[in-house]
Amino acid sequence: MTAIAAIQVPPTRSIPLVREAGGALAIIVLGAIGYYLFPDDLAFLTRLIGISFLVLSLDLVTGYCGIATLGHAAQFGVAAYAAGIACVRGITDPIALLMIGTFAGTLMGLISGALITRFRGLPQLVLSIAVGQLIAALANKLSWLTGGSDGLSGITPGKVFGIYNFDMYSRTAYLFSLAVLVIVFVALSRFVRSPFGLLCRGIKDDDLRAKMIGVSVYPRLVLMYGVSGAVAGVGGALTAISTGVVGLDSVSFERSAEVLVMLVLGGAGHLWGALAGALIFQVFEHIVSAANPFHWMTLVGLLLILIVVFAPRGLIEPVLSLVARFTRKGRAS
Amino acid sequence: MRTVFSILIDAIAYGMVLFIISIGLSIMMGLMRVVNLAHGAFAMIGGYLASYAIRDLHVNYGIAILMAVIGTIIVSVPFEVLLYRRIYRKSDPLIQVLMTIGITFFIIGVVNFIFGPSLKSIPLPATLSGPLDIGFRSLPTHRLFVIACGIVTALALWLLIEKTEFGIKLRASVDHSGMADALGIRTEIIYAVTFALAIGLGAFGGVVGAEILPVEPFYALRYMVTFLVVVSVGGAGSILGALSASLLLGLADTTGKYLAPEFGEFFFYLTVICIVFLFPHGLFGRSHA
């Protein structure tokens with residue numbers, strides 16, 4: 001753990017935002033590859049980006065604070081519904097919808113954070129599930145507001161900045177989502193290296209010791225949950241805007257479980273791990289699940305068992321240690 | 001009055017099914033401290049095996065239950081030896097959650113590959129399918145059968161844990177496994193036997209409860225949360241806790257569905273949040289700090 005924390009802190013003061021610019025550039029390059037190589041699958045790629053926000057958001061609480069949760073789709077779903085309802089009721093500006101989603105996600109994050117982070121272990125897990133299921137039940141039953149099991153449809157957002165229209169090939173939706181992802185990713189990679197982010201890491205490693213040095217743990221965790229809710233909210237709102245429908249699946253238990261699987265597959269505790277997990281999982285799901293959904297479940301199950309047994313820190317770990325060795329060698333010579 | 005009575009019978013029968021399935025999980029979580037989300041998957045295997053035995057092998061209901069329980073235990077052995085042993089008493093719930101979710105997905109995929117993805121009915125014998133006249137009112141026989149099964153299971157488990165030597169060793173291992181080990185109790189054997197017992201109870205509950213919780217391709221995922229919630233509300237490792245939690249949650253759920261069908265699940269989870277918030281270790285649980 002200490003080794004990772006040491007890597008996260010830059011040894012000397014460098015030009016601000018240089019490290020983040022590298023990350024942003026990498027995402028843009030990947031996005032451009034997706035845009036030019038798979039022009040027919042842009043709708044799928046847009047959805048992939050939407051879910052990536054949820055995985056990033058889960059990484060903030062699970063990877064950085066060590067909170068085990070199986071109800072994280074609640075933040076995503078509430079934001080998606082909020083954005084969708086606002087759009088149906090007449091607010092069509094995509095940026096405004098994004099703000100509404102972020103706000104709803106933050107609020108939901110603060111509420112569930114206040115409930116969930118009071119406990120550790122089993123009570124925490126069960127509370128997170130119960131909160132998630134409560135939201136799912138509400139979304140199902142308040143059908144005059146949410147459309148119930150038919151889903152909320154008829155979301156037709158206006159033009160981005162009044163210029164770019166949402167087209168049926170999802171070009172605008174894709175580029176818009178990608179741009180938001182770059183901004184959020186840069187902000188988050190600053191955020192997790194801020195004193196607050198490092199403190200959360202400390203709480204995760206040893207909450208008793210954190211208490212001993214005078215940290216009030218509970219408010220920090222709730223705050224982190226709020227930030228995480230905001231990120232999930234961005235994802236939810238983007239998904240609502242780009243797909244035009246919000247279904248019950250966006251708040252379901254399966255969504256929460258899947259996202260946790262993606263995070264662990266990539267590697268919890270690294271933003272890149274979250275992105276890599278989201279990308280790998282969903283691309284494979286897209287391919288295998290189209291053939292036979294049950295083969296997909298067998299495969300995911302097997303993969304998850306193998307990951308937990310042989311690489312509990314995710315696929316990103318070997319890559320990171322390779323990078324670390326490379327940079328150390330470079331600095332020594 | 002009639003409504004109250006039928007709510008009560010349905011609620012108790014539902015609660016008993018929850019109890020039979022969850023008590024295995026509760027014992028496992030009390031002793032091995034494993035958050036086993038795959039418990040429902042083993043109940044599902046039991047249901048599929050019983051359905052296969054009755055519909056394709058044409059055996060009688062009692063023998064089918066026996067076959068399902070033994071078959072499921074045999075299937076579970078490799079999982080115990082290869083996977084569960086690694087996560088017994090590990091403190092990190094995240095690892096346990098992930099591994100058991102993986103096992104659940106794997107079992108769902110394989111079971112549906114073998115038996116086909118459709119709803120599996122478990123036909124009841126004639127003696128259990130009709131209504132039973134108890135003088136002033138007639139009741140569905142199957143509901144009464146399920147309630148009887150639940151009571152017998154609770155009593156048998158109580159006798160096993162409180163009155164036998166195995167029970168003494170089990171309680172010693174729950175209280176302090178290191179000390180139990182030092183006193184010459186083979187804890188790994190206790191763990192293995194308890195695992196088999198828990199899985200067997202799960203399979204048994206899956207079969208007799210099939211009328212109330214139908215056996216379908218995503219059974220393991222659909223009820224995963226319900227079973228975990230029962231254990232968490234009751235307190236891990238407590239028979240009385242699991243029984244009262246099952247009946248309480250069965251009542252909350254059934255009443256909600258009868259009286260306010262559009263908000264059934266909502267009341268269920270609201271009850272859960274309140275109870276877990278007030279009693280983080282369950283109604284009858286102890287903290288394992």
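**Exercise 1. Two helix pairs around α11(A)**

Which hand, left or right, does the crossing of α9(A) and α11(A) have? Describe this pair, then treat α4(A) and α11(A) in the same manner.

Solution. The model is a predicted one.

Step 1. The crossing of α9(A) and α11(A) is left-handed.

Step 2. On the side of α9(A), the contact uses Leu199(A), Cys200(A) and Ile203(A), and on the side of α11(A) it uses Val217(A), Arg220(A), Leu221(A) and Met224(A). Sorted by type, the residues of this contact are six nonpolar, no polar and one charged.

Step 3. Helix α9 of chain A covers residues 195–205 and helix α11 of chain A covers residues 217–243; their axes are 11 Å apart and the packing angle is about 120°. Angles of 65 to 115 degrees count as roughly perpendicular and those over 145 as roughly antiparallel. The pair α9(A) and α11(A) is therefore oblique.

Step 4. For the second pair, helix α4 of chain A (residues 73–88) and α11(A) have axes that come within 7 Å and cross at roughly 45°. Angles under 35 degrees would count as roughly parallel. Therefore α4(A) and α11(A) are oblique to each other. The crossing of α4(A) with α11(A) is right-handed.

Step 5. In α4(A), the residues that meet α11(A) include Phe76(A), Ala79(A), Ala80(A) and Ala83(A), and among their counterparts in α11(A) are Gly229(A), Ala232(A), Gly236(A) and Ala240(A). The contact of α4(A) with α11(A) divides into eight nonpolar, eight polar and no charged residues. Glycine is counted as polar in this division.

**Exercise 2. The contact between the chains**

Describe the side of chain B that touches chain A, and give the predictor's scores.

Solution.

Step 1. The contact takes 34 residues from chain A and 36 residues from chain B.

Step 2. On chain B, the elements that give two or more residues to this side are α3 (61–87), α4 (93–115), α10 (219–234) and α12 (264–278). The largest share, 17 residues, comes from α4(B).

Step 3. By type, the side of chain B that touches chain A has 28 nonpolar, five polar and three charged residues.

Step 4. The predictor assigns the complex an ipTM of 0.82 and a pTM of 0.86. Chain B has a mean pLDDT of 85, and 95% of its residues reach 70 or more. Where pLDDT is low, predicted coordinates should not be read in detail.

**Exercise 3. Two residues and their contacts**

Are Phe105(B) and Val55(A) buried or exposed, and which residues do they touch?

Solution.

Step 1. Phe105(B) is in helix α4 of chain B. A residue is buried if 20 or more other C-beta atoms lie within 10 Å of its own. Phe105(B) has 28 such atoms and is therefore buried.

Step 2. Residues up to four places away in sequence aside, Phe105(B) touches Met297(A), Val300(A), Gly301(A) and Leu304(A).

Step 3. From Phe105(B) to Ile21(B) the sequence separation is 84 residues, and the C-alpha atoms are 19 Å apart.

Step 4. Val55(A) belongs to helix α3 of chain A, residues 42–65. With 33 other C-beta atoms within 10 Å, Val55(A) is buried.

Step 5. Val55(A) touches Val259(A), Met262(A), Leu263(A), Ala274(A), Gly277(A) and Ala278(A), again leaving out residues up to four places away in sequence. Val55(A) and Val231(A) are 176 residues apart in sequence, with 9.3 Å between their C-alpha atoms.

**Exercise 4. Loops and surroundings in chain B**

Where do Arg33(B) and His58(B) lie, and is each buried or exposed? Classify Arg85(B) as well.

Solution.

Step 1. Arg33(B) is in the loop between α1 (2–31) and α2 (39–56) of chain B. Its phi is near 55°, a positive value in a residue other than glycine.

Step 2. Arg33(B) has 21 other C-beta atoms within 10 Å, so Arg33(B) is buried.

Step 3. His58(B) sits in the loop between α2 and α3 of chain B. Phi of His58(B) is also positive, near 55°.

Step 4. The cut-off for an exposed residue is 12 or fewer other C-beta atoms. His58(B) has 8 within 10 Å and is therefore exposed.

Step 5. Arg85(B) lies in helix α3 of chain B. Because it has 14 C-beta neighbours inside 10 Å, Arg85(B) counts as partly exposed. Arg85(B) and Glu162(B) are 77 residues apart along the chain, and 26 Å separates their C-alpha atoms.

Terms used. Residues numbered from 1 in each chain as written. Chains lettered and ligands numbered in written order. Predicted model: local features only at pLDDT ≥ 70, side-chain atom pairs only at ≥ 80, totals over all residues. Contact = placed C-beta atoms within 7 Å. Helix = DSSP H or I, 4+ residues; strand = E, 2+ residues; numbered from the N terminus. pLDDT = per-residue confidence, 0-100. Axes fitted to C-alpha atoms, helices over the stretch in contact; angles between N-to-C directions. Left-handed = near helix turned anticlockwise from the far one by under 90°.
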